[in-house]
Amino acid sequence: MINPRIKSFLNDRKPDEPCLVIDLDHVRRNFDAFRTAMPESAIYYAVKANPHPEVLRLLASAGSNFDCASVAEINMALEAGATANRISFGNTIKKERDIARAFELGVRLFAVDCEAEVEKVGRAAPGSKVFCRILTNGEGAEWPLSRKFGCAPEMATEVLEHAHRNGLKPIGISFHVGSQQTNTEAWDAALESAATIFKEMETRGIRLTMVNLGGGFPTRYLKNVPVLAEYGSRIYGAIRKFFGNRLPDTIIEPGRGMVGDTGVIRSEVVLVSKKSAEDRNRWVYLDIGKFGGLAETMDEAIRYSIVTERDHDAKSPCVVAGPTCDSADVLYEKNPYELPDTLQPGDFVYIEGTGAYTSTYSAVAFNGFEPLKTFVI
Ligand SMILES: *Cc1c(COP(=O)(O)O)cnc(C)c1O
């Protein structure tokens, strides 16, 4: 959120273009909060949420592990100081040569969700540990991950047995309950499935030991969200309920929850206008939009907090749009946004909670607009 350090940095630096400012102290506090709320679980930071080198360096030195989705992300984690045994190649969709490259770099932990992927890992990363991702329904998540990743729980036993046949070490189950998951009970059903799979594998002579609880931990945007401690106690309660006294090792992979609230984007108002004399809503065009890093406003899924320096003035509903010549570049229209009547071109707005899934979503130069710059303070 916007704090005096970020404000004074922006006042001194006066960046000309929209930019993201990340408060590293805040990242450190979030890491410690995860440790406190879920002390039994190893933290694998989801690099894709914000791979800025200083963010990765701080987390590596704090003791984080890393969930990587590509060889490039693995290299970033290594450069930040993580050793290969602290890296998981968590993408279920990998080229065989990328698996081989990760293996050369020392990575020995891979996600799979089907037999074809198991065979690739078996050939390119012999003897490695694998976990099988199972589908969840994503209910309760503001940014659901749908059906793209994971197999039906009933299929996971076959996938894991296939891993064993292919010379790999099947160690457990993973799932992701959907990003910005505001329901602390969303992990229950997947944990119940995981416990069933553990039992079934045991009858096949394979003892699983690990459950990867994924991400989903939310950032506070406009609405309050449960605190991390509530997630921890609900999830650990469900693990005890379904696994009894044979508790598995657990991993969490926070992305948004680790960095979302550590960043603020400052953007400039380019134009305020109306489409007709009767138009009830003003249109406010910012110098950042869907292509400049705010892709999660797709379908108005993520509703950011937008702070202005005129928030004490009267407000009325506005359509908020980006600067590019693509008509899809509208952030909020179905559900207009209340902004001050006095807002005018040249004013700055502060878009809070933008530390995750912004800088990497920014286009390289659509319409000639520079990719979103990140400053770390
Ligand atoms: C994106 C991703 C995460 C991070 O999810 P958040 O909801 O941002 O915490 C974790 N694990 C995997 C496998 C992912 O793809």
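Is Tyr357 buried or exposed? With a relative accessibility of 8%, Tyr357 counts as buried. Keep in mind as you look around that this is a predicted model.

## The loop between β17 and β18

Tyr357 is a good place to start, since it sits in the loop that links β17 to β18. Its phi is positive, about 55°, even though Tyr357 is not a glycine. Most residues other than glycine have a negative phi. Asn367 belongs to the loop between β17 and β18 as well, and this non-glycine residue also has a positive phi, near 65°. Asn367 is partly exposed, however, at a relative accessible area of 39%.

Gly353 is found in the loop between β17 and β18 too. Its relative accessible area is 0%, so Gly353 is buried. What does Gly353 touch beyond its neighbours within four places in sequence? Its contacts there are Met1, Thr219, Tyr221, Gly260, Asp261, Gly263 and Tyr304. Another residue to look at is Arg303: it lies 50 residues from Gly353 along the chain, and the two C-alpha atoms are 9.9 Å apart.

The accessibility of these loop residues can be set beside that of two helix residues described further on.

| Residue | Relative accessibility | Class |
|---|---|---|
| Gly353 | 0% | buried |
| Glu117 | 4% | buried |
| Tyr357 | 8% | buried |
| Ala33 | 31% | partly exposed |
| Asn367 | 39% | partly exposed |

## Helix α1

Now turn to helix α1, which spans residues 4–13 and has Ile6, Phe9 and Leu10 as buried residues. Viewed down the helix axis, the buried residues of α1 fall within an arc of 95°, so they line one face. An α-helix has 3.6 residues a turn, so residues three or four places apart point the same way. On the face of α1 turned away from the buried side you will find the exposed residues Pro4 and Asp12.

Which elements do the buried residues of α1 pack against? They meet four strands by name: β1 (19–22), β12 (263–273), β17 (348–352) and β18 (373–376). The loop discussed above therefore runs between two elements, β17 and β18, that both take part in this packing.

Both ends of α1 deserve a glance. At its start, a side-chain oxygen of Asn3 comes to within 3.0 Å of the backbone nitrogen of Arg5. After the helix comes Lys14, with a positive phi near 45°.

## Helices α2 and α3

Helix α3 covers residues 53–62, and its buried residues are Val55, Leu56, Leu58, Leu59, Ala60 and Ala62. These pack against β1, α2 (24–37), β2 (41–46), β3 (65–68), α4 (71–79) and α10 (256–259). Strand β1 thus appears among the partners of α3 and among those of α1. Gly63 follows α3, and its phi is positive, near 105°.

How do α2 and α3 pack? Their axes are 10 Å apart, at an angle of about 40°, which makes α2 oblique to α3. From α2, the contact draws on Leu24, Val27, Arg28, Phe31 and Arg35, and from α3 on Glu54, Val55, Leu58, Leu59 and Ala62. The crossing of α2 past α3 is right-handed.

Ala33 is a residue of α2 and counts as partly exposed, at 31% relative accessibility. Ala33 and Met258 are separated by 225 residues in sequence, but their C-alpha atoms are 9.1 Å apart in space.

## Helices α8 and α9

A second helix pair is formed by α8 (residues 188–203) and α9 (residues 228–243), whose axes come within 9 Å and cross at roughly 30°. The two are therefore roughly parallel to each other. On the α8 side, the contact involves Asp188, Leu191, Glu192, Ala194, Ala195, Phe198 and Lys199, while α9 supplies Arg234, Ile235, Ala238, Ile239, Phe242 and Phe243. Here again the crossing, of α8 past α9, is right-handed.

## Glu117 in helix α6

The last stop is Glu117, in helix α6 (residues 115–124). Glu117 is buried, with a relative accessible area of 4%. Its side chain is joined to that of Lys120 by a polar contact of 2.9 Å. Leaving out neighbours within four places in sequence, Glu117 is in contact with Thr92, Ile93, Lys94, Ile99, Ala111 and Val112.

Methods:
Residues are numbered from 1 along each chain as its sequence is written. This is a predicted model: local features need pLDDT of at least 70, side-chain atom pairs count only at pLDDT 80 or more; totals for chains, interfaces and linings use all residues. Side-chain values use heavy atoms; hydrogens and water are left out. Buried means under 20% relative accessible area, exposed over 50%, partly exposed in between (1.4 Å probe, protein chains only). The arc is that of the directions from the helix axis to the C-beta atoms. Contact means heavy atoms within 4.5 Å. A polar contact is a pair of N or O atoms within 3.5 Å; within protein, one must be able to donate a hydrogen and the other to accept it, and residues adjacent in sequence count only if both atoms are side-chain atoms. Axes are lines fitted to C-alpha atoms, for helices over the stretch in contact, and angles run from 0 to 180 degrees between N-to-C directions. Angles under 35 degrees count as roughly parallel, over 145 as roughly antiparallel, 65 to 115 as roughly perpendicular and the rest as oblique. A crossing is left-handed if the near helix is turned anticlockwise from the far one by less than a right angle, and right-handed if clockwise.
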